[in-house]
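Please read the following points with the sequence and the model open side by side. They concern confidence, one helix and one pair of strands, in that order.

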Amino acid sequence: RQPTWGTLPVSTAKFACGDGILPNDSPVPVSAPVLREGSLSIDQIALPKGSISAVYERKLDSIAKMGIEQGAYPGCQILAMKDGKVIYDKCFGTFTYGGGTKVAPEDVYDIASLTKIFASTLAIMKLYEDGLLDLNKTMGDYFPYLNSSNKGAIKIIDVLTHQSGMKAWIPFHLELIDEDGPKSEFFIDHIDETHTVRVAENLYLINDYKEKIIDSIMKSPMKEKKYVYCDMGFYFVPELVKQLTNKSMEEYLREKFYDPMHLTSIGYCPLHWRTRETIVPTEEDLTFRKQLLWGDVHDQMASLMGGVSGHAGLFANAHDLAVITQMFLDEGKFEGKQLLKAQTIRYFTTAPFTANKNRRALGFDKLPIDKKGSSTASKSASMKSYGHTGFTGTFFWADPVNKLSIVFLSNRVHPAADPNNLAKLNIRTLLHDVLYEAYPINDN
């Protein structure tokens with residue numbers, strides 16, 4: 001008897017387009033990126049072009065190449081915009097060290113914690129604006145089962161500003177492995193009815209482990225309510241979106257933002273919509289998944305959720321992130337359509353708790369208060385600017401004062417997360433500094 005296999009041609013309430021079972025669970029065998037119905041190719045949605053002085057262009061080139069030479073990353077994409085026009089858009093290096101596939105504009109990276117902005121915060125902004133979500137309500141209001149724990153009273157706004165009091169992180173994956181790797185009591189090497197959570201290639205997690213994660217979160221101790229960068233509250237965002245809209249996280253994002261903006265190079269679980277040849281690999285995971293991560297999310301916790309989470313899991317190229325960033329700077333407008341209200345963007349990109357020594361806006365990162373303290377972003381940026389960084393070596397920043405933005409994507413975790421030469425060499429800050437040399441502002 002031949003096994004049954006196939007994928008869904010459309011999205012449903014529970015499954016995304018492309019979900020299904022394939023022979024040996026291989027990616028969909030196509031020779032080019034899969035474009036969603038009605039969408040445009042990357043070449044058809046070219047952004048307006050501007051120019052930057054050759055002096056500053058050479059400086060940016062030099063810094064990007066220095067990062068490769070010094071082992072900060074094997075390759076990267078950099079896209080900067082000024083006044084709605086692309087002033088710098090280049091790819092450098094290769095997928096891995098020692099040659100191989102050259103990085104191209106259409107290639108997608110695992111953007112790690114930029115997911116918090118380009119998925120979670122984006123969705124929450126729209127839910128808030130449409131009156132479906134009250135940021136001053138509690139986690140227990142939306143997830144009543146949390147009311148039996150010490151997590152029920154946490155306000156949504158405190159999750160977004162990283163002052164919930166929850167532990168920063170719990171390494172759940174460590175209980176799933178021993179000295180030989182993933183434990184057989186939790187994993188098998190193929191998909192079946194009881195193991196449908198893909199963690200990596202030929203590695204599927206038992207279905208009920210998500211309940212164990214929730215139970216552990218509920219039992220975890222709370223700390224003082226102050227600013228501590230924390231992933232855990234964002235774990236709940238996909239379920240929050242589903243509860244309020246009856247749509248999956250990505251289905252909602254596609255409907256409200258990605259499809260209206262013609263974005264074809266952003267999404268979760270890229271092996272559903274891309275060939276591996278256009279996905280940049282990340283870490284050679286020697287402890288947990290025992291393989292090179294290529295098309296599967298790098299973040300361990302997001303992998304235990306099947307690649308879809310509010311804190312990590314999104315893949316994208318610099319182009320699509322730049323389009324969304326420019327929409328923020330254009331006060332929610334795209335091609336004459338008002339995707340978000342200007343006041344919504346201003347509210348979410350303003351830090352509400354600076355009196356509590358918390359620099360964070362709602363989802364977005366900000367410069368240190370009074371610019372005292374370390375920052376990946378240039379200290380020459382205005383205090384109205386905002387952005388975020390990602391563990392895999394990603395960064396975006398936007399400044400509404402001089403309409404300047406940058407998107408930097410790399411796989412600095414290849415082949416290993418340590419040492420973090422990207423941070424040691426200060427590559428992202430140096431690039432950002434050059435842009436402010438070219439386009440200085442006085443409102444600081």
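1. Confidence overall. This is a predicted model. The mean pLDDT of the protein is 91, and 89% of its residues reach 70 or more.

2. Regions of low confidence. Over residues 1-19 the pLDDT stays under 50, and the model has 32 contacts beyond four places in sequence for this stretch. Residues 21-44 also have a pLDDT below 50, with 41 contacts in the model beyond near neighbours in sequence. Where pLDDT is low, the predicted coordinates should not be read in detail.

3. Helix α7. Why can this helix be described as largely enclosed by the rest of the structure? Of the 10 residues in α7 (residues 249-258), 8 are buried, and the helix is therefore largely enclosed. A residue is counted as buried when its relative accessible area is under 20%. The buried residues are Met 249, Glu 250, Glu 251, Tyr 252, Leu 253, Arg 254, Phe 257 and Tyr 258.

4. Surroundings of α7. The buried residues of this helix pack against three helices, namely α2 (115-129), α6 (237-245) and α9 (318-329), and against the strands β12 (266-268) and β15 (314-316).

5. Strand β18. This strand spans residues 386-390 and is mostly covered, with 4 of its 5 residues buried. Its partner is β19 (residues 394-399); the two strands run antiparallel and are joined by 5 bridges. Within this pairing, His 388 of β18 stands opposite Phe 396 in β19.

6. The turn. Which residue in the turn between β18 and β19 has a positive phi? It is Gly 393, with a phi of about 110°; the two strands form a hairpin with 3 residues between them.

Notes. Residues numbered from 1 in each chain as written. Predicted model: local features only at pLDDT ≥ 70, side-chain atom pairs only at ≥ 80, totals over all residues. Heavy atoms only, no water. Buried < 20%, exposed > 50% of the residue type's maximum accessible area, 1.4 Å probe, protein only. Contact = heavy atoms within 4.5 Å. Pairing = 2+ DSSP bridges. pLDDT = per-residue confidence, 0-100.
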